[in-house]
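Me: Please take a close look at the aromatic rings in this structure and describe what is found around them. After that, go on to the rest of the chain.

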Amino acid sequence: MTYYQLLKQRRQSFNLSIEDVSNQTRLDPNFIQAIEEHNLEVFSDDYSFVRYFIHAYCDAIGVNWNVIQVEVDADIHEYARNKNQALTQAQRKLASSMKPASSTKSKKTHKNKSLSKWLSYKITGSYRFSRIISIGVAALVVLIVFNTISGVLSTRQQAAYEQQVEKELAQKEKETTQLAKQFQQEKEKKAIKFETLSKSENQFRIYNLSEARDLQISITLPEETSVMIYVDGVLVSGSETLTYIDDFTDTINVSQNCTITIALGTYSNNVVTIENEEFTFDEEYWYEGTPAEYTFEVEFNNSDSQEETQEETQDENIQSEQEEG
């Protein structure tokens with residue numbers, strides 16, 4: 001399966017439209033469709049930017065860029081090379097159209113020789129005939145020289161063009177790498193983060209949230225047990241009276257700092273997963289037959305308010321020092 005087929009299949013498996021991916025990556029929908037249909041002509045010879053677009057597409061739908069990078073680079077290089085070859089052939093065809101056909105030239109030369117020989121016998125010593133022959137030979141020499149010079153110039157122009165293309169591709173590759181690095185840095189900066197506060201007490205921290213979002217929670221249940229999920233002490237999912245087995249999944253919406261508590265009726269090698277991050281229960285302070293609890297402190301970014309608080313504190317300290325002075 002080619003990389004562009006893989007991207008399309010992965011997008012469809014998530015029930016995402018091209019517009020959904022466009023909104024997430026800020027790429028033009030036409031570019032996304034062109035990538036999936038392998039229509040690189042849409043990019044108007046800016047093939048180096050295709051690499052950045054595909055990289056961004058991979059990040060948006062969870063495809064490992066490193067796995068398909070070699071195939072993408074080889075595909076773009078091959079496409080650009082074929083494009084250049086087609087242009088070279090077109091230029092050579094144009095140049096060759098200026099040359100007389102070899103077969104016609106041979107026939108004409110043969111006929112001219114026969115005619116010249118016959119005329120020589122008929123009007124030997126004719127000054128006018130000799131002059132015509134001289135002019136014809138000179139014209140033929142000029143034509144040959146002109147075609148030769150045209151061929152040399154065409155070859156040089158093609159070489160210069162190819163060098164310019166290579167230079168532009170190298171520059172675009174550099175720009176692509178920088179853009180991809182910036183994209184990755186921005187993505188990591190906005191990514192949700194996790195931290196273990198106390199392993200033995202099964203306390204964890206979920207932070208770096210910038211806006212309200214849904215947290216995907218999944219719990220493996222090898223044995224039948226009750227599941228209860230609390231947000232700041234309020235039951236929001238599961239039941240105190242019902243029991244579950246195999247898997248339990250739900251989505252919890254959080255919009256501000258809070259504490260999420262996941263309580264299982266008992267522990268049986270359960271694994272809690274939040275946003276693809278696994279949390280294993282530590283049995284050090286747990287006793288069989290008692291509920292197993294996971295605690296998650298959810299924190300939103302408040303760097304702006306922290307900076308304001310620090311500035312206010314500094315202003316107060318300066319004012320206090322001035323009053324004491």
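Reply: A charge counts as sitting over a ring if NZ of Lys or CZ of Arg is within 6 Å of the ring centre and within 35 degrees of the ring normal. Arg205 and Tyr207 are such a case, with the charged end of Arg205 placed 3.7 Å from the centre of the Tyr207 ring. The model is predicted, so local features need pLDDT of at least 70 and side-chain atom pairs pLDDT 80 or more, while totals for chains, interfaces and linings use all residues. Residues are numbered from 1 along each chain as its sequence is written, and side-chain values use heavy atoms, without hydrogens or water.

The ring pairs come next. Over the whole structure, 13 aromatic pairs are found (Phe, Tyr or the six-membered Trp ring, centres within 6.5 Å; stacked under 30 degrees between planes, edge-to-face over 60, tilted for the rest). One of them joins Tyr294 and Phe296, whose rings are stacked with centres 6.5 Å apart and planes at 5 degrees. Both Tyr294 and Phe296 are buried (under 20% relative accessible area; exposed is over 50%, partly exposed in between, with a 1.4 Å probe and protein chains only). These two belong to a cluster linked by ring pairs, which also takes in Phe194, Phe204, Tyr267, Phe279, Phe281 and Trp286.

Tyr267 leads on to Glu288. The C-alpha atoms of these two residues are 7.4 Å apart, although 21 residues separate them along the chain. Glu288 lies in the loop between β7 (277–280) and β8 (292–300) (strands are DSSP runs of E, at least two residues; helices are runs of H or I, at least four; both are numbered from the N terminus). With a relative accessible area of 73%, Glu288 is exposed.

Two asparagines in this part of the chain have positive phi. Asn202, in the loop between β1 (193–198) and β2 (203–209), has a phi of about 55 degrees although it is not a glycine. Its relative accessibility is 3%, so Asn202 counts as buried. Asn208 is in strand β2, with phi near 70 degrees, and at 13% relative accessibility it too counts as buried.

Ser239 is in strand β4 (residues 234–254). It counts as buried, at 13% relative accessibility. A polar atom of the Ser239 side chain lies 3.2 Å from the backbone nitrogen of Leu242.

The helices remain. In α1 (residues 3–13), the buried residues are Tyr3, Tyr4, Leu7 and Arg11. They lie on the same side of α1, because they cover an arc of only 100 degrees around the axis (the arc is taken from the directions from the axis to the C-beta atoms). Asn15 follows α1 and has a positive phi, near 55 degrees.

At the start of α3, a side-chain oxygen of Asp28 comes within 2.7 Å of the backbone nitrogen of Asn30. The buried residues of α3 (residues 29–36) are Ile32, Ala34, Ile35 and Glu36. Just after α3, His38 has a positive phi of about 55 degrees.

At the start of α5, a side-chain oxygen of Asn64 is within 3.0 Å of the backbone nitrogen of Asn66. Helix α5 (residues 65–96) has 32 residues and spans 45 Å from first C-alpha to last, close to the 46 Å expected (1.5 Å times one less than the number of residues). A kink of about 25 degrees is centred on Glu71 (the angle between axes fitted to the seven residues ending there and the seven starting there). Among the buried residues of α5 are Trp65, Ile68, Val72, Asp75 and Ile76.

Note on methods:
A polar contact is a pair of N or O atoms within 3.5 Å; within protein, one must be able to donate a hydrogen and the other to accept it, and residues adjacent in sequence count only if both atoms are side-chain atoms.
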